[in-house]
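Student: Could you take me through one small part of this model, step by step, and show me how that part fits with what surrounds it?

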Amino acid sequence: MAKKQTAGRKYLGDFAPKFAELNDDVLFGEVWSREKELSPRDRSVVTVSALITKGAFAQLPNHMKLAKQNGVTKDEIVEVITQLAFYVGWPNAWSAFNIAKDIWTD
């Protein structure tokens with residue numbers, strides 16, 4: 001079962017309470033908890049891929065840490081990023097590798 005997410009409320013609860021509620025309760029509460037439909041590991045691969053594609057590197061470290069916790073291995077993340085390099089751009093892959101290297105070599 002997915003761990004209860006509280007980052008929205010922690011970081012944005014006072015400033016944007018509705019957004020924080022949607023983040024914690026809907027996205028991470030309802031969507032991420034649909035483990036029968038898609039495992040947390042697979043959701044992590046999809047999410048990390050989407051963030052790399054968009055160039056959303058500010059969100060990538062936390063999602064890569066979650067992917068690692070959800071069982072994505074170093075070799076798998078390397079393959080994901082290498083595959084994406086040819087579809088979403090070399091600079092995006094290079095940036096993603098710098099983040100992944102820090103997370104999977106600790």
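Tutor: In this predicted model, asparagine 92 has its place in helix H6, which covers residues 90-104. Asparagine 92 counts as buried because its relative accessible area is 16%, and buried means under 20%. Leaving aside residues up to four places away in sequence, asparagine 92 touches Ile52, Thr53, Gly55 and Phe57.

One of these partners, Ile52, belongs to the buried residues of helix H3, together with Pro40, Arg43, Ser44, Val48, Ser49 and Leu51. These buried residues pack against helix H2 (17-31), H4, helix H5 (74-88) and H6. Helix H3 itself runs over residues 40-54, and its 15 residues, at 1.5 Å a residue, should span 21 Å, which agrees with end C-alpha atoms that are 21 Å apart. Another partner of asparagine 92 is Gly55, and just after H3 this glycine 55 takes a positive phi of about 75 degrees.

Helix H6 also meets helix H4 (residues 60-69), where the two axes come within 10 Å and cross at roughly 45 degrees, which makes H4 oblique to H6. The crossing of these two helices is right-handed. On the H4 side, Leu60, Pro61, Met64, Lys65, Ala67 and Lys68 take part, and they meet Ala96, Ile99, Ala100, Ile103 and Trp104 of H6. Sorted by class, this contact of H4 with H6 holds nine nonpolar residues, two charged ones and no polar ones.

How values were computed: Residues are numbered from 1 along each chain as its sequence is written. This is a predicted model: local features need pLDDT of at least 70, side-chain atom pairs count only at pLDDT 80 or more; totals for chains, interfaces and linings use all residues. Side-chain values use heavy atoms; hydrogens and water are left out. Helices (H or I, at least four residues) and strands (E, at least two) are DSSP runs, numbered from the N terminus. Buried means under 20% relative accessible area, exposed over 50%, partly exposed in between (1.4 Å probe, protein chains only). Contact means heavy atoms within 4.5 Å. Axes are lines fitted to C-alpha atoms, for helices over the stretch in contact, and angles run from 0 to 180 degrees between N-to-C directions. Angles under 35 degrees count as roughly parallel, over 145 as roughly antiparallel, 65 to 115 as roughly perpendicular and the rest as oblique. A crossing is left-handed if the near helix is turned anticlockwise from the far one by less than a right angle, and right-handed if clockwise. Ala, Val, Leu, Ile, Met, Phe, Trp, Tyr, Cys and Pro count as nonpolar, Asp, Glu, Lys and Arg as charged, and the others, Gly among them, as polar. The expected span of a helix is 1.5 Å times one less than its number of residues.
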